[in-house]
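This report looks at charged side-chain pairs and at pockets in one protein chain. Please keep the sequence and the model in view while reading.

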Amino acid sequence: MKFTSQGKVSASMCDAEAKLSILGAVQLVQDYVSEFLGALKVDQTTMRAKHGAMWVFTKNQITGNCAIRWGEEYQVTCFISSLSPVRMMIDIIFERNKEEGFYSRIEACVIDLTTQKVRRITSDIIPPSCVDVADKRGNVLRLEVGNIEQYQHIDDVEIRSTSIDFCKHTNNTEYVRFILNCFDVKALIEHPITQFEISYLAQTFEYDKLQILKKVENNTTSVLLCKNSENVVFCRITQKI
């Protein structure tokens with residue numbers, strides 16, 4: 001099954017050059033995946049009411065040119081590219097004038113609201129017939145933190161009320177905001193991001209305090225968000241040289 005829609009880039013989605021920002025792209029991806037799950041009748045409200053569970057997006061990879069500009073129209077296509085007992089991959093293609101703007105792949109799993117543990121994605125949640133492998137282009141989502149001693153502590157943030165989403169934990173887009181604030185505007189303009197990969201390792205909640213660590217190797221920057229000694233989010237960003 002493929003879900004298609006269209007929209008227009010608004011001012012709040014844009015960066016300093018009036019182009020769709022990485023933060024705006026992540027927000028759009030999550031919104032359209034939520035709409036897709038709604039079309040499958042397994043959106044968050046249905047999952048809570050019917051299955052006592054919720055979806056958690058555990059990884060996201062955005063590849064390609066996000067340079068759709070303010071006011072320009074785009075077309076989006078979502079589909080499930082793979083399904084295992086505990087993980088599902090959703091691919092999202094954004095196009096402008098029938099040319100691919102960027103490609104995203106999200107990994108999702110189901111968390112039981114009682115046990116707070118991962119549970120199986122049973123056929124009454126996602127039937128195998130919903131999987132569409134015909135347009136499978138995204139890469140395997142593998143991210144490794146590496147040697148923690150190579151990272152430099154650069155900032156601290158505290159989770160506040162506006163960062164909390166419907167599931168009562170920190171919204172994934174807030175972590176992206178924290179990470180992108182590690183870069184200045186000049187660096188993002190002169191060296192645009194060509195690939196953004198993020199892994200959500202643990203949940204955080206209101207008033208949690210996070211430490212932001214950073215490591216730079218050539219045109220690749222790794223950012224690690226920690227709560228005390230626990231790794232919460234890991235991100236790898238590749239920029240154009």
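## Salt bridges and pockets

Glutamate 197 and arginine 236 are joined through their side chains by a salt bridge, with 3.1 Å from N to O. This pair connects distant parts of the chain, since glutamate 197 lies in strand E8 and arginine 236 in strand E11 (residues 230-239), 39 residues apart. The model is a predicted one, and the distances here are computed from it.

Is glutamate 197 buried or exposed? Glutamate 197 has a relative accessible area of 6%, so it counts as buried, the cut-off for buried being under 20%. Its partner, arginine 236, has 24% and is partly exposed.

The search of the whole structure finds 11 salt bridges. Side chains of opposite charge can pair when their charged atoms come close. Three of the bridges, including the one above, are set out here.

| Acidic residue | Basic residue | Closest N and O atoms |
|---|---|---|
| Glutamate 197 | Arginine 236 | 3.1 Å |
| Glutamate 17 | Lysine 19 | 3.8 Å |
| Glutamate 217 | Lysine 215 | 4.0 Å |

In the pair of glutamate 17 and lysine 19, glutamate 17 is partly exposed at 30% relative accessible area, and lysine 19 is partly exposed at 24%. In the pair of glutamate 217 and lysine 215, glutamate 217 is partly exposed at 45%, whereas lysine 215 is buried at 11%.

The pockets come next. The largest pocket holds about 660 Å³ of space. It is lined by 23 residues, and those closest to its centre are Asp15, Leu20, Ser21, Ile22 and Leu188. Helix H1 (22-39), helix H3 (172-180), helix H4 (185-190) and strand E8 (193-200) are the elements that each give two or more residues to this lining. H4 has the largest share, with three residues. By class, the lining of the largest pocket contains 13 nonpolar, five polar and five charged residues.

The second largest pocket has about 380 Å³ of space. Its lining has 18 residues, of which Gln30, Ser34, Gln44, Phe57 and Asp165 are the closest to the centre. At least two lining residues each come from H1, strand E2 (53-64) and H3. Which element supplies the largest share of the lining of the second largest pocket? That element is H1, with five residues. The lining of the second largest pocket divides into six nonpolar, nine polar and three charged residues.

Key:
Residues are numbered from 1 along each chain as its sequence is written. This is a predicted model: local features need pLDDT of at least 70, side-chain atom pairs count only at pLDDT 80 or more; totals for chains, interfaces and linings use all residues. Side-chain values use heavy atoms; hydrogens and water are left out. On a 1 Å grid over the protein atoms alone, a cavity is a set of points where a 1.4 Å probe fits but cannot get out, and a pocket is an open set with protein on both sides within 12 Å along at least five of seven lines; lining residues have an atom within 4 Å of a point. Grid points are joined across faces, edges and corners, and a volume is the space filled by probe spheres set on the points. Helices (H or I, at least four residues) and strands (E, at least two) are DSSP runs, numbered from the N terminus. Ala, Val, Leu, Ile, Met, Phe, Trp, Tyr, Cys and Pro count as nonpolar, Asp, Glu, Lys and Arg as charged, and the others, Gly among them, as polar. Buried means under 20% relative accessible area, exposed over 50%, partly exposed in between (1.4 Å probe, protein chains only).
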